[in-house]
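Colleague: I am new to this one. Please take me through a single part of it closely.

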Amino acid sequence: MLDVKKIRNDFPALHQEVHGRDLVYFDNAATSMKPAEVIDTLREVYSKRNSNVHRGIHYLSMRMTEEYEAARRRVMRFINASSEREIIFTGGTTASINTIAYSFGEEFIKSGDEIIVSAMEHHSNLVPWQLIARRKGAKLRVIPMNDRGELLIQSLDELISDKTRIIAVNHVSNALGTINPVKEIITKAHDRDIPVLVDGAQAIPHGNVDVQELDCDFYAFSGHKVYGPNGIGVLYGKEEWLEKLPPWQGGGDMVKRVSYEETSYADLPLKFEAGTANYPGAIALATALDYISSLGIANIAAYEKELLDYANHRLGEIGGLKIYGEAENKISIISFQLEGIHESDAGMVLDKMGIALRTGTHCAEPVMTAFGIKGILRASMVFYNNMEEIDRLADALKKLKQMFG
Ligand code: PMP
C-alpha cells in the first residue's frame with residue numbers, strides 16, 4: 001500500500017554512500033531520518049517567519065505564536081487528546097518523563113511509597129524515578145518479563161499495593177521491540193486509583209496512539225524518533241492531573257504575575273513551558289506528524305510487519321544468530337547476537353559494508369543483565385526501508401561469520 005520507492009525520495013539523508021557503499025540505515029530506533037518537508041519547514045521558519053512566541057505584539061511574533069499554538073493543536077489531534085491544554089512541548093521524552101517524575105514526585109511521593117516500573121525500561125524511564133525515590137525515601141518495584149521479552153502483567157496484582165503512587169511503563173521496548181499491553185496495565189492501575197505514565201518514544205512512530213482510548217494519565221514522546229527535529233518532544237497529561245501538579249522549572253512564560261513576595265503560575269499548558277519555546281521544532285514536528293498521517297499509520301504498521309517477518313526469515317537462516325525479544329506482539333526491531341563475535345566488532349564490520357545499526361546496551365542495561373549479556377546488535381526498520389536492504393544485512397552477516405571463522 002505504500003510506494004516505498006517514492007517515499008525514499010522524500011528522505012535526502014537516505015541517499016548517500018558510507019565507506020563507498022549505498023547506506024542501509026537500520027538505526028531508526030535511535031533516531032529517524034527527516035523528510036524534506038520537515039527540513040524545509042525549519043528552513044522557512046528561520047528564514048522567513050522567525051520571531052519569539054507569546055511575547056511580542058508585533059506582526060511576526062503574533063503570527064509565530066499562532067503557528068506555535070496551531071502546532072500544539074495538530075499534536076493534540078494526532079494523539080487524540082481532548083484539549084490543547086493537555087499538550088506540553090518539551091525537549092524530548094527524557095525531559096517529559098523528568099518533568100512528571102519531579103513534579104508528581106514532589107507533590108505526591110513520600111517516604112515508604114512505591115513506584116512501579118517494568119523490567120524493560122529505557123534508562124530515561126528508570127533513572128528519573130530512582131532520583132525521586134532516593135530523594136523521598138520511596139522504593140521502586142519492577143514488573144518482571146519472561147525470556148521472550150514479554151511483561152508478566154498478572155504480577156501487577158501482587159506488586160500494586162496501598163503504597164503504590166504511580167506506574168511508569170514503556171509502550172514499546174527500544175531494546176526488544178515488544179509492544180506492551182499498556183491498556184491492560186492502565187485498567188489494573190485505575191482499579192486502584194493509581195495514575196500511569198507511558199513512555200511512548202518507540203510507539204508513536206509505529207502505530208496509532210489514542211491517549212483517550214488508552215486512558216493513560218501521562219504520555220511522553222520525542223520528535224526526532226518520529227521523523228521530526230531534535231530537541232522537541234511532547235508531554236501529554238490529563239488536564240485534571242496537570243492542574244494538580246506544581247511546575248517543574250521556573251522562568252519566563254510559565255508565570256501570570258511575579259513579585260518578590262508571590263508568583264502565580266500561567267494556565268495550562270504554559271505552566272510547564274518555562275523559557276523560550278522551541279517553536280521551530282514544534283511546528284516542524286507537526287509537519288512530521290502530518291507527513292506520517294498522510295501515509296496512513298495503519299499502512300505504515302502493516303508494511304513494517306512485512307519487514308519484520310522478512311527480516312526474521314532472512315536472519316533465521318544464519319546459524320549461531322540468537323534473537324533477543326521474541327514477543328508475540330512487537331514492532332520492526334530485531335535485536336541479536338552472533339555466537340563468538342563481539343557486538344562491537346560485528347557493528348564495526350557492518351559499518352564498513354555501509355550498514356548502520358546500533359550496538360551496545362541500548363540505554364537499557366537492566367534488560368541486558370536480565371538476559372545475562374553485555375550488549376546486542378539492533379536492526380530497527382521503518383517504512384522507508386525495503387527488502388533489498390534486509391538482504392544486504394543478511395548477506396553481510398553471513399560474510400561476517402566467515403571472516404570471524
Ligand atoms: N524511552 C525510550 C523507549 C527510548 O527508546 C528513548 C530513546 N532511545 C527514550 C525514552 C529517550 O528519548 P530521548 O533521548 O529522545 O529523550
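Colleague: How far apart do the C-alpha centres of domain 1 and domain 2 lie? Please describe the interface of these domains too.

Modeller: This is a predicted model: local features need pLDDT of at least 70, side-chain atom pairs count only at pLDDT 80 or more, and totals for chains, interfaces and linings use all residues. Residues are numbered from 1 along each chain as its sequence is written, and side-chain values use heavy atoms, leaving out hydrogens and water.

The centres lie 28 Å apart. Domain 1 has two segments, 4–27 and 296–403. Domain 2 covers 39–294. These bounds come from an automatic or database domain assignment.

To the contact, domain 1 gives 35 residues and domain 2 gives 31 residues. Contact here means heavy atoms within 4.5 Å.

Now the area. The two domains bury about 2,500 Å² between them. Carbon and sulfur atoms hold 62% of it. Buried area is the accessible area (1.4 Å probe) that two parts lose on being put together, summed over both. On the domain 1 side, Ile297, Ile331 and Cys363 supply 23% of what that domain buries against domain 2, more than any other three residues.

Next, the polar side. Between the domains, 16 residue pairs are in polar contact, both residues at pLDDT 80 or more. A polar contact is a pair of N or O atoms within 3.5 Å; within protein, one must be able to donate a hydrogen and the other to accept it, and residues adjacent in sequence count only if both atoms are side-chain atoms.

The rule also finds one salt bridge across the interface. A salt bridge is a side-chain nitrogen of Lys or Arg within 4 Å of a carboxyl oxygen of Asp or Glu. The side chains of arginine 148 and glutamate 328 meet in a salt bridge, at 3.4 Å from N to O.
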